[in-house]
Amino acid sequence: MTGPSLTRAERREKDRKVANSFSSFLASRQPGVIPAKRGAPPEQSDGSMDGRRIRRERHSPREREFIGQHRDDEMDAPQGSNSIKRGAEFVHALKNATLDESNLSEEALESLRNPGPSSVDIDEDANHQFATQLRHPDPDIRYYSFHDASCLVERLSGVVPIAHDMCINTCIGYTGPWSKLQRCVECGEPRFKNGEARRQFKTLPLGPIAQALYALPETAEKMEYRVQETERVLTYARMNGGKIETINDIFCGTDYLKAVQDGRIGPNDIVFQVSLDGAQLYRDKESDCWMFIYIFSAVHPDFRYTKKWVFPGGIIGGPKKPKHPDSFLFPALHHIAAVNKEGLSYYNAFKKTLITKSRLYCLFGCADGPAMCCMDGTVTCSGKYACRLHCKLSGRRRHGDYPALLLPYKYNVAGCDHPDAADWYQEGLERLVTARNQTQYEELRRETGICKPSIFLGLFDILGVPKMFAVDLMHLGSLNDPDLLLSLWRGTANIYEPDSRQNWDWLVLKGKVWEAHGETVALATKHIPSSFGRPPRNIAKKINLQYKAHEYLLYLYCLAPALLRSILPRALAKHVQVCTRNATISSSEED
């Protein structure tokens, strides 16, 4: 491990120059401009009436009315160019973020900029006293209404939710560069009805949450773990030739330690993770809402992922899926970018000192496969370069996608017969924005694995794109592996010649056997301890009705090794037992 080569101020100035240079590069490409056809007069793209009249001939009367509400270059650019341009607009808006534009009230801004010691003093026995009062109410005591209680909590904590308008169909949020739109750019639905927003979503700013955590001695003390653990790791590395004793936490990571040594992460900075996912409110239905959360990484892993340390960042109502997640993430990231420009002040109740010029440092962005594509701007898992870490290992073409990493049997598709297998994200993004039409965009998207600039490029205080986006191991073991194995045991997996299901000796869960297997799974419920969580339902009946990840976990790693022992051939049953046992051991916590 070597010492820092640049001071903290010099490093930040270098990061700003790189980010501004890339922003200027995006603007210079003008991806929304469409080259004129050969022999035809060039269309005007400056918003003039002549150019508008030429383009309107390609739309219905209802579409013409809608287009009239928006800029012509945005509406008529190719779909791929729109993705690049819209992404660049949100990135540019984050770079120019200020707290005065964050929709916070003057009182909230004053509290954020000038915090002091907390005046909140909650008795340790407060919960017991409150429960007693509910059981035996005192007529002389005034009880708060829900609204009054909410206002009191906001005043004491400083955490105030911020409302933002959104499309009635959940297409977009009217934020950032879309804050002045009157209609949705996707469905055309109007934003207002009778002068009021038809629908809204709310976000919780991260700065006040961090201030509230440091305002109490108990939580402020727990937030010291990161600095102590980082110093321990670096001290051991200096004394042992750069080696790390045990890699047991995120603070042992090379990228994080280098950011600390370079001065990009200071001892008073607050590191956190942001995670985006859908939530299913009803058991047998699709996801009904989407949300993102903040996880404070500064505390010990024993506390980090508990309810007390996981905070909601924003909630997006359903039931339809957001079409532009960037517009919903923007308010939260805008607040973070604006706070970091001024520097966050907070009172550390454990040290009894006022900290100034701290920063909110986004260490990781987390999501499942589909949601991650929205966060990092890369292609889906069926793309040619679909690695979550954005490496150059390409897949192989199979019916329009690229799922096969190893060379298939008797495979000779041109361009995909490479051997089984540098950070090239910046290079790929610069190539992508040179696309002048949809055909070029699709070709470059396939060859770079990128479909748009990530909105996180608008933040300076990050590990960098794409390395800040974590690999999704949870869904691998709880959804992907069970789905793959069940499709083999049931014979529902896709096959390619010369393969044949007639040769599958593992195809055992079919007909009456499959039905009986599902009933056995349901009967096992009474034998599963309640501490294991929700038991799996009849998998034969419910597999197509949103079988939950936790149900798959209990099914594959607890029930399947025993239930399949007499159904699968002996060698394959042994293989299932070994695989599930190894997966359980590798994911278990070290003693």
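**Exercise 1.** In this predicted model, locate His517 and determine whether its side chain environment is buried or exposed.

*Solution.* His517 is part of helix H19, which spans residues 511-523. The relative accessible area of His517 is 3%. Buried means under 20%, so His517 is classed as buried. Once neighbours within four places in sequence are set aside, the contacts of His517 are Leu509, Ile539, Tyr555, Leu563, Leu564 and Ile567.

**Exercise 2.** Describe how helices H18 and H21 are arranged relative to each other, and state which residues meet.

*Solution.* Helix H18 covers residues 474-490 and helix H21 covers residues 549-563. Their axes are 9 Å apart and form an angle of about 60°. H18 and H21 are therefore oblique to each other. Their crossing is left-handed. On the H18 side, the contact involves Gly477, Ser478, Leu479, Asp481, Pro482, Leu485, Leu486 and Trp489; on the H21 side, it involves Ala549, Tyr552, Leu553, Tyr555, Leu556 and Tyr557. The contact residues comprise 11 nonpolar, 2 polar and 1 charged.

**Exercise 3.** Determine which residues Tyr552 contacts, leaving aside its neighbours within four places in sequence.

*Solution.* Tyr552 belongs to helix H21. With a relative accessible area of 7%, Tyr552 is buried. Apart from neighbours within four places in sequence, Tyr552 contacts Ser478, Leu479, Pro482, Leu486, Ile539, Ile543 and Tyr547. In addition, the C-alpha atoms of Tyr552 and Asn480 are separated by 9.7 Å, although these residues are 72 residues apart along the chain.

Key
Residues are numbered from 1 along each chain as its sequence is written. This is a predicted model: local features need pLDDT of at least 70, side-chain atom pairs count only at pLDDT 80 or more; totals for chains, interfaces and linings use all residues. Side-chain values use heavy atoms; hydrogens and water are left out. Axes are lines fitted to C-alpha atoms, for helices over the stretch in contact, and angles run from 0 to 180 degrees between N-to-C directions. Helices (H or I, at least four residues) and strands (E, at least two) are DSSP runs, numbered from the N terminus. Angles under 35 degrees count as roughly parallel, over 145 as roughly antiparallel, 65 to 115 as roughly perpendicular and the rest as oblique. A crossing is left-handed if the near helix is turned anticlockwise from the far one by less than a right angle, and right-handed if clockwise. Contact means heavy atoms within 4.5 Å. Ala, Val, Leu, Ile, Met, Phe, Trp, Tyr, Cys and Pro count as nonpolar, Asp, Glu, Lys and Arg as charged, and the others, Gly among them, as polar. Buried means under 20% relative accessible area, exposed over 50%, partly exposed in between (1.4 Å probe, protein chains only).
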